[in-house]
Amino acid sequence: SFGGDLVITAGPWGEGGLSPQLASDVAALAEVERSVGLGTGPALVYGGRQDISIADTATLSQLLALDMADGSIADLAPTQVAVSEEEADDEGLRLGSRVPVTFIDGATTEFTVGAVYEASNVLGAYLMPRAAWSPHAVQDLDTTVMAQLRDGVDLETGRDAMQRVADAHAAPDVLDRDEYVAELSLGVDMLLGVVYVLLALSILIALMGIANTLSLAIHERTRELGLLRAVGSTRRQLRSLVRGESVIISLFGTLGGVGLGLFLGWALVQAASGGLVISTFAAPLGQLLIVLIAGAVVGVLAGVRPARRAARLDILGAIATQ
């Protein structure tokens, strides 16, 4: 988790990156206790492309609280890298294991594993000290600058001071913790918005489909409904019968959709778990409960018109229907 106070980012989609000088300029402010820049760079690891996180690891350890499985990023030497626990399991790595890295300038260096961290959603699979990356960087850019304010400095004062420095570096916005989390989740929120629109359309289509299905069923069961009325069923009982069938159909469809959606969501997270944002599957139980309730309500609404039609059938005419 982020243990600092303010963050400057290059934007949710990268937007060109930030100069590494920005972190140094922020750290020089009287209002700031410490600051660190976090960047990423492409490299070949074991022959496969990896986006490696780059930072002053000693300072980063004071601003970013990582659950360490082994070792510490604070003590990482320029000849060492830190790896995520998932990557360590996949490659059979442990402390002291050798990791060959080919940089974008063509140079190949063999590093050793100096630390293993549990979560990969912020740092990805590999973290390298900036001192090891900089000599091989064609263009060194940060994506995030994290800062911790000095004791006694309020958030708005620190934000104003950092914003003045940021204005000299393409004017990125200075964010607090909540704003930073909101920006990280922006892409997921946009995707969820699209999903909710599609869900609303699917509910509308399901409503029409259930209504049409029940209308056809009533047409095919006209004689049966007439006989029910003849043996004493009331109009109210027929309406309840049709609405009950509608609710059952909609709930079966909703339960099947929720079950399939949970499985596909889990599979998607597993496939995307190597990324920097989506790494943990968590079922939104509250929202799923709302979807189930909405499914029952849709069933009642879809059955209103067919139920009314069934209740208004002429008994003699219905019995005579072949």
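What follows is a short chat about a predicted model.

Visitor: What should I keep in mind on numbering and confidence?
Guide: Residues are numbered from 1 along each chain as its sequence is written, and side-chain values use heavy atoms, with hydrogens and water left out. As this is a predicted model, local features need pLDDT of at least 70 and side-chain atom pairs count only at pLDDT 80 or more, while totals for chains, interfaces and linings use all residues.

Visitor: How many residues are in the largest nonpolar core?
Guide: That core has 19 residues, and those with the most contacts inside it are Val83, Val99, Val101, Tyr126 and Met128. A nonpolar core here is a set of buried Ala, Val, Leu, Ile, Met, Phe, Trp, Tyr and Cys residues joined through side-chain atoms within 4.5 Å; buried means under 20% relative accessible area, exposed over 50%, and partly exposed in between (1.4 Å probe, protein chains only).

Visitor: And which elements each supply at least two residues of it?
Guide: They are β2 (32–45), β3 (48–55), β5 (80–84), β6 (98–102), β7 (108–117), β8 (126–129) and α4 (130–133), with the largest share, 3 residues, coming from β7. Helices (H or I, at least four residues) and strands (E, at least two) are DSSP runs, numbered from the N terminus.

Visitor: What about β5, which strands does it join by bridges?
Guide: β5 is joined to β7 by 5 bridges in a parallel arrangement, and to β8 by 2 bridges in an antiparallel one; two strands pair if DSSP finds at least two bridges between them. Val81 has Val113 of β7 as its bridge partner, whereas Val83 is partnered with Tyr126 in β8. The strand is mostly covered, with 4 of its 5 residues buried.

Visitor: Back to Tyr126, what is it in contact with?
Guide: Leaving aside neighbours within four places in sequence, the contacts of Tyr126 (heavy atoms within 4.5 Å) include Tyr46, Ile52, Ala82, Val83, Val99 and Tyr117.

Visitor: Where is Tyr46 found?
Guide: Tyr46 is in the loop between β2 and β3, and has a positive phi of about 55 degrees although it is not a glycine. Its relative accessible area is 35%, so Tyr46 counts as partly exposed.

Visitor: Different topic: which helix gives the most to the nonpolar patch?
Guide: Helix α10 (residues 285–302) does, with 5 residues. Among the residues of that surface patch are Leu289, Ile293 and Val297, and Val297, which sits in α10, is partly exposed because its relative accessible area is 43%. Patches are made of residues with over 30% relative accessible area and no salt bridge, nonpolar side chains being joined within 5 Å and like charges within 9 Å; a salt bridge is a side-chain nitrogen of Lys or Arg within 4 Å of a carboxyl oxygen of Asp or Glu.

Key
Areas by Shrake-Rupley, 256 points an atom, 1.4 Å probe, with all protein chains shown as cover.
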